[in-house]
Amino acid sequence: MLVRERLVSAREKKNLSSSQMAHLLGITSGTYTRYENGTIKRIPTKQLAKISDILGVSFDDLYDEDPQYNDRIESESKNMTFEMLTEDEAKLVVWYRDLSNEERSIVKQVRSLKPGY
């Protein structure tokens, strides 16, 4: 199942309209509609985290097995929620998830220069 299909299903289970979701997210109704109809191919990670909180669903369950999101973080942090992170850590996770594979490779190379990694 695609993320957009999961959004519709979870939102309907909560008896929320797409306009109500947009309001809760602080975005326009048009933007949220584009999330659900697939016009926006990849919803920003930060928005997915907010959506999962509002709908009461697992962040990972929203995008699991969707080919648009198959570059998710390693499985050891699969159960981590944003509530477990400091604000700076959450920003870094969001930033890292938005990197290309090539950019991630560079970050990993830099990280390996520090002893203990």
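Two residues are in contact when heavy atoms of theirs lie within 4.5 Å. Keep that in mind for the opening view of this predicted model: of the contacts in the chain with a separation of 6 or more, 52% join residues 24 or more positions apart.

**Stop 1: the whole chain**

Show the chain as a cartoon and color it by secondary structure. You will find seven helices and zero strands, so to follow the path from the N terminus, read α-α-α-α-α-α-α. Now switch on the surface. The chain exposes about 7,700 Å², and carbon and sulfur atoms supply 52% of that area. Of the 117 residues in the chain, 32% are buried.

**Stop 2: helix α4**

Next, select residues 45-55, which form helix α4. Which residues of α4 are buried? Show side chains for Thr45, Gln47, Leu48, Ala49, Ile51, Ser52 and Leu55, and you have them. To see what surrounds these buried residues, add α1 (3-13), α2, α3 (29-37), α5 (59-63) and α6, the helices they pack against. Then step just past the end of α4 to Gly56, where phi is positive, near 70°.

**Stop 3: α2 against α4**

Keep α4 on screen and select residues 18-25 for helix α2. Two packed helices are described by the angle between their axes and the distance between the axes. Here the angle is about 120° and the axes are 10 Å apart, which makes α2 oblique to α4. The crossing of this pair is right-handed.

Which residues make the contact? On the α2 side, pick Met21, Leu24 and Leu25; on the α4 side, pick Gln47, Lys50, Ile51, Ile54 and Leu55. Color them by class and you get six nonpolar residues, one polar and one charged. Gln47, Ile51 and Leu55 take part in this contact and also belong to the buried set of α4.

**Stop 4: α6 against α7**

For the last stop, select residues 87-97 for helix α6 and residues 101-112 for helix α7. Their axes come within 9 Å and cross at roughly 130°, so α6 is oblique to α7.

Show Trp95, Tyr96 and Arg97 from α6, then Arg104, Val107 and Lys108 from α7, to bring up the contact. How many of these residues are nonpolar, polar or charged? The contact of α6 with α7 has three nonpolar and three charged residues, with no polar ones.

Technical notes
Residues are numbered from 1 along each chain as its sequence is written. This is a predicted model: local features need pLDDT of at least 70, side-chain atom pairs count only at pLDDT 80 or more; totals for chains, interfaces and linings use all residues. Side-chain values use heavy atoms; hydrogens and water are left out. Axes are lines fitted to C-alpha atoms, for helices over the stretch in contact, and angles run from 0 to 180 degrees between N-to-C directions. Helices (H or I, at least four residues) and strands (E, at least two) are DSSP runs, numbered from the N terminus. Angles under 35 degrees count as roughly parallel, over 145 as roughly antiparallel, 65 to 115 as roughly perpendicular and the rest as oblique. A crossing is left-handed if the near helix is turned anticlockwise from the far one by less than a right angle, and right-handed if clockwise. Ala, Val, Leu, Ile, Met, Phe, Trp, Tyr, Cys and Pro count as nonpolar, Asp, Glu, Lys and Arg as charged, and the others, Gly among them, as polar. Buried means under 20% relative accessible area, exposed over 50%, partly exposed in between (1.4 Å probe, protein chains only). Accessible areas come from the Shrake-Rupley method with a 1.4 Å probe; for residues, only the protein chains shown count as cover.
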